[in-house]
Amino acid sequence: MSGTLSLDRIGIVVIGRNEGERLRRCLHSLAGQGGRAVYVDSGSTDGSVALARAMGLRVVELDPGRPFTAARGRNAGFAALMEDGAPDLVQFVDGDCELVPGWTEAAAAAMQADPSIGIATGWRTEIEPERNLFHALAEMEWHGPVGDDRVLRGGR
């Protein structure tokens, strides 16, 4: 990447299964965050596929003959983006998550400013931590120290 990155050069891959209203909020949060977006569905029965299509996303429906995994969904979405020409950057997001306005622009700027950065991750937060114990524990787990991620650097 050189020069200023245009947001339409950022591809977005959304994965999900039966996300319902969460998917609607996720897809709305993509506005202004990038260019082409692909939704990869893992066997939804709740109208998620129709919703994504109605909102203008390309949809990839995974074959139910093989196990559904997040990695499989992300890889299928990445392959779909590549079919239409490689984006400069790719944002992966789960269908039950939302992007904060300006996130992809900030991540792209950081990556352009420092070519040694190969991945930028955001700060996750649970929308309803009081909903149940699982959500409360997820909220606690996600809030580690800000800065370099030792896991992505192999513990160095």
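The buried residues of helix α4 pack against strands β1 and β4. This contact is a convenient place to enter the structure, which is a predicted model. Helix α4 comprises residues 103-113 and lies across β1 and β4, with its direction at about 140 degrees to that of β4.

Which residues of α4 are buried? They are Thr-104, Ala-107, Ala-108 and Met-111. Because these residues cover an arc of only 100 degrees around the axis, they fall on the same side of α4. The spacing agrees with a general property of such elements: an α-helix has 3.6 residues a turn, so residues three or four places apart point the same way. On the other side of α4, the exposed residues are Glu-105 and Ala-113. Exposed here refers to a relative accessible area over 50%, whereas buried refers to one under 20%.

The two strands beneath this helix belong to a wider arrangement. Four strands, in the order β3-β2-β1-β4, make up an open sheet with parallel pairing. At its edges stand β3 (58-61) and β4 (89-94), each of which pairs on one side only. From one strand to the next, the twist averages 20 degrees.

Strand β1, formed by residues 10-16, is joined to β4 by six bridges in the parallel sense. Within this region, Ile-15 of the chain stands opposite Asp-94 in β4. A second helix also meets the sheet: α3, residues 70-83, packs on it and touches β1, β2 (37-41), β3 and β4. The direction of α3 makes about 145 degrees with that of β1.

These elements may now be placed in the protein as a whole. The protein contains five helices and four strands. Read from the N terminus on, its elements follow the order β-α-β-α-β-α-β-α-α. The chain thus described also brings together residues that are distant in sequence. Of the contacts with a separation of 6 or more, 62% are between residues 24 or more positions apart.

Burial and surface complete the account. Of the 156 residues in the protein, 31% are buried; the four residues named above in α4, Thr-104, Ala-107, Ala-108 and Met-111, are buried residues of that helix. The accessible surface of the protein amounts to about 9,700 Å², and carbon and sulfur atoms contribute 54% of it.

Notes:
Residues numbered from 1 in each chain as written. Predicted model: local features only at pLDDT ≥ 70, side-chain atom pairs only at ≥ 80, totals over all residues. Heavy atoms only, no water. Pairing = 2+ DSSP bridges. Helix = DSSP H or I, 4+ residues; strand = E, 2+ residues; numbered from the N terminus. Axes fitted to C-alpha atoms, helices over the stretch in contact; angles between N-to-C directions. Contact = heavy atoms within 4.5 Å. Buried < 20%, exposed > 50% of the residue type's maximum accessible area, 1.4 Å probe, protein only. Arc of directions from axis to C-beta. Areas by Shrake-Rupley, 256 points an atom, 1.4 Å probe, with all protein chains shown as cover.
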